[in-house]
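Please take a moment with the sequence and the three-dimensional structure below, and then follow the explanation from the overall fold down to individual residues.

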Amino acid sequence: GTASYTDITGDNTQPTPLTEGTAVEFVSAPLAAPLRLTGMPRLQSVMTASAARANVVATLMERKADGTQRYLNFAVLNLNHAVTLNETDPDITGKALPVDINFFPQDNMVAAGSMLALHLAGLVPTDRTTAGDAGNLLNSGPNIQPIGIGAEVSLDLANSMLTLPVNAGDRVERLSWLEPTE
């Protein structure tokens, strides 16, 4: 099967609200235990665009039981550079593109009971997060969306995989400075 979103048309000077069809989300079941993510998540897929240019912004979030979200990480790729970052393909219309992108290195704890959400779109969802103060790049100011032209981007679900950097040997340790003081 496939899943699709429409890459936002516009520039990167103003935050753009998400509307129906402009994103695809995959959400896990609630975690039974805390989860530590250490390293670089990696998204692999085969994507096809309906126009000459398109983008993918993959955002990994913790969705808490109360519905609030916390950004964990993100990765961005202009699909015109999916085959090689050294050269651009000026027209990717209808081409099955191999996508292999690493997120930034991270060390995050995800609470038991939370769900992991992978949000795929042409922009970062800035309207549904509690990820810190207004000075956070992902919460305010110009959106990081690349310039888009409104392409529909389809993912081949059979060839899509998110690899999370989980080390089964990691222990969840309490830090003494987080203990309540008397």
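The secondary structure of the chain, in what is a predicted model, comes to zero helices and 11 strands, and read along the sequence it accordingly follows the pattern β-β-β-β-β-β-β-β-β-β-β. Of the 182 residues in the chain, 37% are buried. The accessible surface comes to about 9800 Å², and carbon and sulfur atoms account for 55% of that area. If one takes the contacts between residues at least 6 apart in sequence, 79% of them join residues at least 24 apart.

Strand 9, which spans residues 115–121, is a useful place to begin looking at how the strands are arranged. Six of its seven residues are buried, so this strand is largely enclosed by the rest of the structure. Strand 2 (residues 23–27) pairs with strand 9 in the antiparallel sense over five bridges, while strand 5 (residues 55–63) is joined to strand 9 by seven bridges and likewise runs antiparallel to it. His119 of strand 9 illustrates both pairings at the level of single residues: His119 is the bridge partner of Glu25, and Thr59 stands opposite His119 as well.

The loops also contain buried residues, and Asn80 is one of them. Asn80 is found in the loop between strand 6 (69–78) and strand 7 (97–102), and with a relative accessible area of 5% it falls under the 20% limit, so it is counted as buried. What surrounds Asn80, once its neighbours within four places in sequence are left aside? Its contacts are Ala52, Arg53 and Ala54, together with Glu87, Thr88, Asp89, Pro90, Asp91 and Ile92. With Ala52 there is a polar approach, in which a polar atom of the Asn80 side chain lies 2.8 Å from the backbone oxygen of Ala52. Ile92 is 12 residues away from Asn80 along the chain, yet the C-alpha atoms of the two are separated by 6.3 Å.

Ala51 offers a second example from a loop, this time the one between strand 4 (42–49) and strand 5. Its relative accessible area is 16%, which is again under the 20% limit, and Ala51 is therefore buried. Leaving aside neighbours within four places in sequence, Ala51 is in contact with Asp91, Ile92, Thr93, Ile149 and Ala151. The C-alpha atoms of Ala51 and Glu152 are separated by 7.4 Å, although the two residues are 101 residues apart along the chain. Asp91 and Ile92 thus appear among the contacts of Ala51 and also among those of Asn80.

Note on methods:
Residues are numbered from 1 along each chain as its sequence is written. This is a predicted model: local features need pLDDT of at least 70, side-chain atom pairs count only at pLDDT 80 or more; totals for chains, interfaces and linings use all residues. Side-chain values use heavy atoms; hydrogens and water are left out. Buried means under 20% relative accessible area, exposed over 50%, partly exposed in between (1.4 Å probe, protein chains only). Helices (H or I, at least four residues) and strands (E, at least two) are DSSP runs, numbered from the N terminus. Two strands pair if DSSP finds at least two bridges between them. Contact means heavy atoms within 4.5 Å. Accessible areas come from the Shrake-Rupley method with a 1.4 Å probe; for residues, only the protein chains shown count as cover. A polar contact is a pair of N or O atoms within 3.5 Å; within protein, one must be able to donate a hydrogen and the other to accept it, and residues adjacent in sequence count only if both atoms are side-chain atoms.
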